[in-house]
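Colleague: Got a minute to go through this one with me? I'd like to talk about salt bridges and a pocket.

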Amino acid sequence: MVFPTVITPSPQVSFPKTASPIIRRAIRCGSSSVSAQFDLKTYWTSLIKEIDQKLDEAIPVQYPQQIYEAMRYSVLARGAKRAPPVMCVAACEIFGGNRQAAFPTACALEMVHAASLIHDDLPCMDDDPSRRGQPSSHTKFGVDMAILAGDALFPLGFRHIVSHTPTDLIPEARLIRVIAEIARAVGSTGMAAGQFVDLEGGPNAVDFVQEKKFGEMGQCSAVCGGLLAGASDDEIQHLRQYGQAVGILYQVVDDILETKSGMEIKSSKNKRKDKSYVSAYGVEKAIEVAEDLKSQAKRALEGFEKYGERVMPLYSFVDYAADRGFSM
């Protein structure tokens with residue numbers, strides 16, 4: 001999908017007292033970006049090719065065939081940007097980690113991400129008939145098969161990490177932390193909590209919903225990459241802050257662009273209309289939230305200068321999330 005609109009600076013205003021700690025006073029980014037000379041599109045698309053091939057190999061069609069076809073349909077969708085696995089690999093490489101050793105976890109993150117989207121799209125949840133430029137899983141295969149495909153993808157991701165990560169490159173203790181991090185992110189205190197409050201919470205729940213539904217996946221992806229490479233606890237905390245800010249930023253910009261283009265934010269049952277910053281605060285304040293999140297994400301990377309150019313992919317992701325400077 002092409003996003004022609006660009007986030008531009010706007011006057012600073014105060015947010016309602018209901019805003020969570022992640023919405024702090026904005027610190028504007030400089031007019032020139034240190035990531036301007038890094039070719040993120042080439043880096044990203046080359047990784048997508050490798051990840052797509054490994055995902056194809058990871059989910060061969062077996063008996064019962066219908067479940068595997070539904071799983072592959074969502075995971076291998078041509079419209080997928082592969083942001084979670086790419087972020088995982090990029091974070092791993094900052095600290096000198098081996099890309100090949102990171103691929104099993106990267107693929108697992110995409111499986112878990114796809115499973116969460118399958119379930120989010122169900123009629124009893126967000127009720128979205130399309131996803132990634134094609135009919136949603138339940139639209140194509142039926143609700144029963146979509147539920148089963150999502151149920152199967154979650155454990156397959158964990159199994160893939162354990163069975164395919166070379167333990168001569170990644171110690172088992174690190175893998176345990178990676179698995180625990182993914183379980184935390186998708187569980188009852190993470191993405192599942194966000195989906196629940198999205199369905200049941202009031203309009204003041206927007207911060208919680210955004211952080212859990214969209215920030216958790218970004219946070220988990222960056223953290224897993226750091227864990228695989230043996231990053232320090234302090235570095236993991238910086239990756240956690242970075243990933244959460246980028247994950248929310250991406251969704252806020254999506255909502256802004258949809259509104260500016262005249263599209264209604266997805267919700268055939270209007271469940272999400274009060275759970276986006278655009279709907280809760282309006283476009284101008286949502287733009288300020290986006291600017292603030294962009295600043296937060298870049299500040300989280302300030303301690304990584306010692307790693308030189310290896311930090312450029314993560315730094316460039318922030319600019320892409322904000323301005324969508326190219327089409328995937």
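Modeller: Sure. One cut-off before we start: a residue counts as buried when its relative accessible area is under 20%, and as partly exposed from there up to 50%. Keep in mind that this is a predicted model.

Colleague: Is R82 buried or exposed, then?

Modeller: R82 pairs with E110 through a salt bridge, 3.0 Å from N to O. E110 sits in helix 4 and R82 in the loop between helix 2 and helix 3, so the bridge ties together parts 28 residues apart in sequence. E110 has a relative accessible area of 0%. For R82 the figure is 2%, which is under the 20% cut-off, so R82 is buried.

Colleague: And which residue of the D121 and R131 salt bridge is partly exposed?

Modeller: Their side chains meet at 2.6 Å, N to O. D121 has a relative accessible area of 2%, so D121 is buried. At 22%, the partly exposed one is R131.

Colleague: Which residues share a salt-bridge network with E181 and R184?

Modeller: E181 and R184 are both in helix 7, three residues apart, about one turn. Their own bridge is 2.8 Å, N to O. Through shared partners, the network also takes in K212, E216 and R240.

Colleague: Now the second largest pocket: which helix gives the largest share of its lining?

Modeller: That pocket holds about 390 Å³ of space, and 17 residues line it. Helices 1, 2, 4 and 6 each give two or more of them. The largest share, six residues, comes from helix 6.

Note on methods: Residues numbered from 1 in each chain as written. Predicted model: local features only at pLDDT ≥ 70, side-chain atom pairs only at ≥ 80, totals over all residues. Heavy atoms only, no water. 1 Å grid on protein atoms, 1.4 Å probe; cavity = no way out; pocket = protein on both sides within 12 Å on 5 of 7 lines; lining within 4 Å. Points joined across faces, edges and corners; volume = space filled by probe spheres on them. Helix = DSSP H or I, 4+ residues; strand = E, 2+ residues; numbered from the N terminus. Salt bridge = Lys/Arg side-chain N within 4 Å of Asp/Glu carboxyl O. Buried < 20%, exposed > 50% of the residue type's maximum accessible area, 1.4 Å probe, protein only.
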